Amino acid sequence: MSVDLTPTIEYPVEQLEPVQKTLLSELLNSVTQLGDRKAACENARVITPKQLHSLNITPQQRGIVLSYFYIHQKRECEVEEYGEFARLVAANLAVQKQSEVLRFVNALNTVSSSVYFDYVETELEFNQLPESVRNKTYQAEFLQHPFSLMHTLEQFE
């Protein structure tokens, strides 16, 4: 399902210079493509408690491991669309002059990039795990493919 974000701009875009208008339009198209890709990357596969118990890790480590691999898989799946989005954010920040448009571009960037900021934090936590735990998880085939984090975590409540 695509969502056209063009009407969400409250700044009269007809007042923008042609290059500014074109770049903003390309950014909005990129956001739509990134959203479509994010939806396509969603996966209903659930990692079972048996699979996770085979790793012999603590519940705290389990949360870090699941978060890390979930975000890693999403990031890998969305890399092309996110790269184009990031390029267009940078281009818009360089050419847009109106503060309303700049605030809008920054807001789009914040919302669309949140999973990547989360990944950096999660990666730091993951890298602080003992090397033996990291090695086991990299070797676990069931963590190497997209899965539903929420449905997996529900099994442990």
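Colleague: Let's start with C77: does this residue count as buried, exposed or partly exposed?

Modeller: Keep in mind that this is a predicted model. Buried would need under 20% relative accessible area and exposed over 50%. C77 has 23% relative accessibility, so C77 counts as partly exposed.

Colleague: And C41, buried or exposed?

Modeller: The cut-off for buried is under 20%. C41 has a relative accessible area of 8%, so the label for C41 is buried.

Colleague: How far apart are the sulfur atoms of C41 and C77?

Modeller: A disulfide is a covalent bond between the sulfur atoms of two cysteines. The rule here asks for sulfur atoms within 2.5 Å. C41 and C77 do form a disulfide, and their sulfur atoms are apart by 1.9 Å.

Colleague: Which helices does the pair link?

Modeller: This disulfide ties together distant parts of the chain, with the two cysteines 36 residues apart. C41 sits in residues 18–41 and C77 in residues 59–95. Those stretches are helix α1 and helix α3.

Colleague: Is the disulfide of C41 and C77 left-handed or right-handed?

Modeller: Look at the torsion about the S-S bond of C41 and C77, which is about -85 degrees. That value is why the disulfide is left-handed.

Colleague: How many disulfides does the count come to?

Modeller: We've already met the C41 and C77 pair, which forms a disulfide. By the rule used here, the count comes to one.

Colleague: Now for the loop between α2 and α3: which residue there has a positive phi?

Modeller: Most residues other than glycine have a negative phi. In the loop between α2 (49–53) and α3 there's a residue that is not a glycine, yet has a positive phi of about 55 degrees. With a relative accessible area of 66%, this residue is also exposed. The residue is N56.

Colleague: Stepping back, how many helices does the protein chain have?

Modeller: Along the sequence, the pattern reads α-α-α-α-α-α. There are zero strands in the protein chain, and the helices come to six.

Colleague: What is the radius of gyration of the protein chain?

Modeller: The C-alpha atoms fill a box of roughly 60 × 30 × 25 Å along the principal axes. For a compact globule of 157 residues you'd expect a radius of gyration near 15 Å, but the protein chain has 19 Å.

Colleague: What share of the 157 residues is buried?

Modeller: Buried again means under 20% relative accessible area, and C41 at 8% is one such residue. Across the protein chain, the buried share is 39%.

Notes. Residues are numbered from 1 along each chain as its sequence is written. This is a predicted model: local features need pLDDT of at least 70, side-chain atom pairs count only at pLDDT 80 or more; totals for chains, interfaces and linings use all residues. Side-chain values use heavy atoms; hydrogens and water are left out. Helices (H or I, at least four residues) and strands (E, at least two) are DSSP runs, numbered from the N terminus. The radius of gyration is taken over C-alpha atoms; the globule rule is 2.2 Å times the number of residues to the power 0.38. Buried means under 20% relative accessible area, exposed over 50%, partly exposed in between (1.4 Å probe, protein chains only).
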